[in-house]
Amino acid sequence: MTLQVGVLGYRFMGQAHANALARLPMFFEDAPDVERDVLIGRDEAALADAADQLGFTRTSTDWAEEIDEVDVFYNLGPNHVHAEPSIAALESGTPVFCEKPLAPTLDVAEEMAQAARDADVPAGSAFNYRFVPALRYAKGLIEDGKLGEIHHIRGRYLQDWLVDPDAPWSWRNDAELAGSGALGDLGSHTIDLARFLVGEQAGKIERISGQLQTFVDERPVEGSDETRPVTVDDAYSAQAEFESGAMGTFEASRFANGHKNDHTIEIQGSKGSLRFSLERLNELELLREDSRGYETILVTDETDPYIEHWWPPGHVIGWEHTFVHENYEFLSAVADGGEFHPNFEDGLAAQRVLDAIERSDATGEWVSVG
């Protein structure tokens, strides 16, 4: 059986997933057969060009007409477009893969998670960093007890694409469209990775203290003399307490000059520590018990997660490969009727933490995570 895939959205994430869908049959022999069937958007001319570039058979400007016509629906649109098409597809029994954060607000995320429970088909949340081989390797070390009892989880996601106050306004700067700024766009990744890596050892985040900051209050509208207000955060920081007593420290910024896409995770335990940076995604730094310092492990051996599908040892992979791994796992779950994680429940769990950070910033106090 060939899975007919419909994709809403054809820009950044649409390109990343279309590339992954094209690579699957080349490198994953047991991947389900997939056809890039329909590309969905609003601009017919732009859609036609994108479909030709990305290898889709046809285009559509109405997602509602397509959710019953495809076997899998990918919702890669802006945050405010996540809920209605995804819920409608799930109500039709169509598996859904949705970009992160799951929704602009916690209430909407809860509605989406409930729709996924009722539908009982795979509903994936797009936290692609779970599929970095070095981070999968790190999770194995943690599960094997190599770090011992977890004491600290530190995560930061730093970018600098908005440092220039004349950088143009986009939907990502609008609370109605995005929900939040760096918090949801970047922080959701960090919170999900913390849950993925140490959730079984440290438990849930029970309470949190957070701060949000906006550095530029308005931005120019590209191609006009207008400006529009920035109604989301440019940066956030948070302190968290896990069920086990472990401490979490999280931050993200779009104003971290000199950092392009620096997602760093550090975990310290009673026996050892590890650290990872997305800007060096083939490497994992590990401090073993009784060692005097960190060693750098190049995670490119064929026994490392997913690497057997790619190149000989030492031939590094890139950011785009995480999407291939993610799509392989999700589409295999669709074809086999299996489970996929991260799912909408995982997206909802991250959203609860994001909401708690916003509540803490509003009150200036520690708050419980619902």
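**Aromatic pairs in a predicted model**

Visitor: Tyr74 and Phe330: buried or exposed?
Guide: This is a predicted model, where local features need pLDDT of at least 70, side-chain atom pairs count only at pLDDT 80 or more, and totals for chains, interfaces and linings use all residues. Residues are numbered from 1 along each chain as its sequence is written, and side-chain values use heavy atoms, leaving out hydrogens and water. Buried means under 20% relative accessible area and exposed over 50%, with partly exposed in between (1.4 Å probe, protein chains only). By that yardstick, Tyr74 and Phe330 are both buried.

Visitor: How many aromatic pairs are there?
Guide: Rings of Phe, Tyr and Trp (its six-membered ring) pair up if their centres lie within 6.5 Å; planes under 30 degrees apart are stacked, over 60 edge-to-face, the rest tilted. That rule gives 15 aromatic pairs.

Visitor: What kind of pair do Phe28 and Trp310 make?
Guide: Their ring centres sit 6.0 Å apart, and both residues are buried. The planes are at 75 degrees, so call the pair edge-to-face.

Visitor: How many residues apart in sequence are the parts tied together by Phe28 and Trp310?
Guide: Phe28 is in the loop between α1 (12–27) and β2 (33–40). Trp310 is in the loop between β16 (295–298) and α8 (319–336), so the separation in sequence comes to 282 residues.

Visitor: Which helix holds Phe330, the partner of Tyr74?
Guide: Tyr74 and Phe330 pair edge-to-face, 6.0 Å centre to centre with 85 degrees between planes. Tyr74 lies in strand β4 (residues 72–75), 256 residues away in sequence from the part holding Phe330, helix α8.

Terms used. Helix = DSSP H or I, 4+ residues; strand = E, 2+ residues; numbered from the N terminus.
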